[in-house]
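Thank you all for coming; I would like to walk through the salt bridges of one model, and then turn briefly to a helix pair. Please have a look at the sequence and the structure first.

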Amino acid sequence: MTDWPQDAQAALSLARWRSRRGMLELDFFLVDFVAQVVPTLDASAQQVYYRLLACEDVELHGWLTGDGAPEDVELRGMVEQIRKHAAERPA
């Protein structure tokens with residue numbers, strides 16, 4: 001996993017950059033989530049999001065589209081939170 005900056009603003013900036021995956025479907029889930037939700041999360045939850053960003057695109061795509069789920073309980077919870085956020089977003 002990438003070493004994330006200790007500075008909260010620098011870590012959030014890196015998370016915004018890493019959330020842009022180059023796959024439209026992933027960008028749909030992650031770009032708005034990192035802009036709207038991640039800044040409101042506590043430091044522990046932000047660390048879980050940063051760990052999620054270290055996963056492969058194929059895994060992320062499957063999890064976020066409902067094809068499987070991470071074994072890691074914390075990552076599974078974050079995936080559920082991202083999916084819920086995407087479902088509640090205005091079209």
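In this predicted model, the side chains of aspartate 57 and arginine 21 meet in a salt bridge at 2.7 Å, N to O, where a salt bridge is a side-chain nitrogen of Lys or Arg within 4 Å of a carboxyl oxygen of Asp or Glu. The two partners are 36 residues apart, with aspartate 57 in helix α4 (residues 57-64) and arginine 21 in the loop between α1 and α2; helices here are DSSP runs (H or I) of at least four residues, numbered from the N terminus. Aspartate 57 is partly exposed at 24% relative accessibility, whereas arginine 21, at 17%, is buried, the classes being buried under 20% relative accessible area, exposed over 50% and partly exposed in between, with a 1.4 Å probe and protein chains only.

As for the source, residues are numbered from 1 along each chain as its sequence is written, and side-chain values use heavy atoms, without hydrogens and water. Because the model is predicted, local features need pLDDT (the predictor's confidence in each residue, from 0 to 100) of at least 70, and side-chain atom pairs count only at pLDDT 80 or more, while totals for chains, interfaces and linings use all residues.

A second salt bridge joins arginine 51 and aspartate 72 at 3.3 Å, N to O; arginine 51 lies in helix α3 and aspartate 72 in the loop between α4 and α5, so this pair ties together parts that are 21 residues apart in sequence. Arg51 and Asp72 also belong, with Glu74, to a network of salt bridges.

Finally, Ala11, Leu12, Ala15, Arg18 and Ser19 in α1 meet Tyr49, Tyr50 and Leu53 in α3, contact meaning heavy atoms within 4.5 Å.

Note on methods. Helices (H or I, at least four residues) and strands (E, at least two) are DSSP runs, numbered from the N terminus.
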